[in-house]
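Hello,

Here is the structure I promised to pass on to you. Please have a look at it first, and then read my notes below.

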Amino acid sequence: MSQAIEITTFRLASGLTINEFITANSDIDPWLRKQPGFVSRHICERDDGFVVDMLVWEAAEAGHRAANGVTTEMAASPVHASIDQSTVEWTIATVRHSFNCDGSTW
């Protein structure tokens with residue numbers, strides 16, 4: 001089974017900073033840690049102001065299950081109001097090739 005990468009890009013709601021967005025995730029991060037197949041999460045801010053939220057999953061199916069949970073189980077999270085929903089682009093894809101800094105593959 002191959003890992004999968006979930007990438008969501010979006011702009012923050014008007015007037016919010018990346019640090020405020022990260023704070024708004026205070027209930028999402030612990031929830032993600034409990035999700036089957038969760039590996040890691042990385043939040044970045046591009047020079048153009050878009051946020052890149054990247055999650056690594058043990059398999060694409062795990063990412064799809066969690067994405068559904070974020071919109072149902074975690075529907076009351078303040079994170080949703082911190083995102084300009086009209087700018088959201090979401091995708092998940094199975095990893096086809098990867099290697100570590102030491103050159104090993106997995």
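In what order do the elements of the protein chain run from the N terminus on? They follow the pattern β-α-α-β-β-α-β, so please keep that string at hand, because helices and strands are numbered from the N terminus. In total the protein chain has three helices and four strands. Please bear in mind that this is a predicted model.

Let me begin with the overall form. The C-alpha trace spans about 45 × 30 × 20 Å along its principal axes. The radius of gyration of the protein chain is 14 Å, which agrees with the value near 13 Å that a compact globule of 106 residues would have. Of the contacts with a separation of 6 or more, 69% join residues that are 24 or more positions apart.

Next, the inside and the surface. Buried residues account for 39% of the 106 residues. The largest nonpolar core holds 20 residues, and those with the most contacts inside it are Phe10, Phe21, Leu32, Val51 and Trp57. Two or more residues of this core come from each of β1, α1 (18–24), α2 (28–33), β3 (51–57), α3 (60–71) and β4 (83–94). On the outside, the protein chain exposes about 6500 Å², with carbon and sulfur atoms supplying 54% of that area. As for charges, there are 7 positive and 14 negative ones, and their mean positions lie 4 Å apart.

I also looked at three residues one by one, and you may like to find them in the viewer.

Thr9 sits in strand β1, which covers residues 4–12. Is Thr9 buried or exposed? Its relative accessibility is 14%, so Thr9 counts as buried, the cut-off being under 20%. Setting aside residues up to four places away in sequence, Thr9 touches Arg46, Phe50, Val51, Val52, Thr87, Val88 and Glu89.

Arg46, one of those partners of Thr9, is found in the loop between β2 (38–45) and β3. Arg46 has a relative accessible area of 38% and is therefore partly exposed. Which residues does Arg46 touch, not counting those up to four places away in sequence? They are Thr9 and Val52. To get your bearings, you could also look at Leu12: its C-alpha atom is 12 Å from that of Arg46, and the two residues are 34 residues apart along the chain.

Asn25 is in another loop, the one between α1 and α2. With a relative accessible area of 1%, Asn25 is buried. Apart from its neighbours within four places in sequence, Asn25 is in contact with Pro30, Arg41, Ile43 and Val79. The C-alpha atoms of Asn25 and Gly69 are separated by 14 Å, with their positions 44 residues apart along the chain.

Enjoy exploring, and write back with any questions.

Best wishes

Note on methods. Residues numbered from 1 in each chain as written. Predicted model: local features only at pLDDT ≥ 70, side-chain atom pairs only at ≥ 80, totals over all residues. Heavy atoms only, no water. Buried < 20%, exposed > 50% of the residue type's maximum accessible area, 1.4 Å probe, protein only. Contact = heavy atoms within 4.5 Å. Rg over C-alpha atoms; globule rule 2.2 N^0.38 Å. Areas by Shrake-Rupley, 256 points an atom, 1.4 Å probe, with all protein chains shown as cover. Lys, Arg positive; Asp, Glu negative; His and termini not counted. Charge placed at Lys NZ, Arg CZ, Asp CG, Glu CD. Core = buried A, V, L, I, M, F, W, Y, C linked by side-chain atoms within 4.5 Å.
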